[in-house]
Amino acid sequence: MTDFRLDEGATERVVLDDASHRCVPADSGRFGRTAAHRVCALDDFHTLITDTPFPAEPHTALSRAGTDVITA
C-alpha cells in the first residue's frame, strides 16, 4: 500500500501498527496507482474493503498474503 503524501502515509502506518485487526479502505480510483511513499506490504493488513471488484492479479496476491477482500 502506498500514499502520495508522506504525512498521511506516516499516519496510516501508525494506525495500522496500533490496530489488532488491520482494515484498509480503498476506493477503485486507487487501483493500479503507485505513489511515492510506502505505507505497508500486502501481508501487513488483514482486510481490504473496496467499492468495486478488485482486479484478478492483485486479488490473488492479497489472498496468498492471507488478506480478505470485501466489496461493499
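**Reading cysteines, cores and overall shape**

Me: Let's start with the cysteines. How far is the sulfur of cysteine 23 from the closest cysteine sulfur?

Reply: The closest one sits in cysteine 40, 12 Å away, and that's too far for a bond. For a disulfide you'd want the two sulfur atoms within 2.5 Å. Keep in mind that we're looking at a predicted model.

Me: And how many disulfides does a search of the whole structure find?

Reply: Zero. You can run the check from the other end too: starting at cysteine 40, the closest cysteine sulfur is the one in cysteine 23, again 12 Å off and too far for a bond.

Me: Is cysteine 40 buried or exposed?

Reply: Buried counts as under 20% relative accessible area. Cysteine 40 has 2%, so it's buried. Cysteine 23 comes in at 38%, so that one counts as partly exposed.

Me: Which residues make up the largest nonpolar core?

Reply: Look for buried nonpolar residues joined through their side chains. Here that gives a set of 10 residues, with Cys40 among them. The others are Leu16, Val24, Ala26, Phe31, Val39, Phe45, Leu48, Phe54 and Leu62.

Me: Let's zoom in on one member. What is phenylalanine 54 in contact with, leaving aside its neighbours within four places in sequence?

Reply: Phenylalanine 54 touches Phe31, Leu48, His59, Leu62 and Val69. Phe31, Leu48 and Leu62 also belong to that largest core.

Me: Where does threonine 47 lie?

Reply: Threonine 47 is in strand β4, which covers residues 47-50. With a relative accessibility of 6%, threonine 47 counts as buried. Setting aside neighbours within four places in sequence, its contacts are His21, Arg22, Cys23, Val24, Thr67, Asp68 and Ile70. So the list includes our partly exposed Cys23, as well as the core residue Val24.

Me: Which pattern does the chain follow along the sequence?

Reply: Read it from one end to the other and you get β-α-β-β-β-α-β. In total, that's two helices and five strands.

Me: What does the radius of gyration say about the protein chain?

Reply: You compare it with what a compact globule of that length would have. For 72 residues the expectation is near 11 Å, and the chain has 12 Å, so the two agree. Along the principal axes, the C-alpha atoms fill a box of roughly 30 × 25 × 20 Å.

Me: How many of the 72 residues count as buried, as a percentage?

Reply: 24% of them. The accessible surface comes to about 4,700 Å², with 54% belonging to carbon and sulfur atoms. As for contacts with a separation of 6 or more, residues 24 or more positions apart account for 46%.

Terms used: Residues numbered from 1 in each chain as written. Predicted model: local features only at pLDDT ≥ 70, side-chain atom pairs only at ≥ 80, totals over all residues. Heavy atoms only, no water. Helix = DSSP H or I, 4+ residues; strand = E, 2+ residues; numbered from the N terminus. Buried < 20%, exposed > 50% of the residue type's maximum accessible area, 1.4 Å probe, protein only. Contact = heavy atoms within 4.5 Å. Core = buried A, V, L, I, M, F, W, Y, C linked by side-chain atoms within 4.5 Å. Rg over C-alpha atoms; globule rule 2.2 N^0.38 Å. Areas by Shrake-Rupley, 256 points an atom, 1.4 Å probe, with all protein chains shown as cover.
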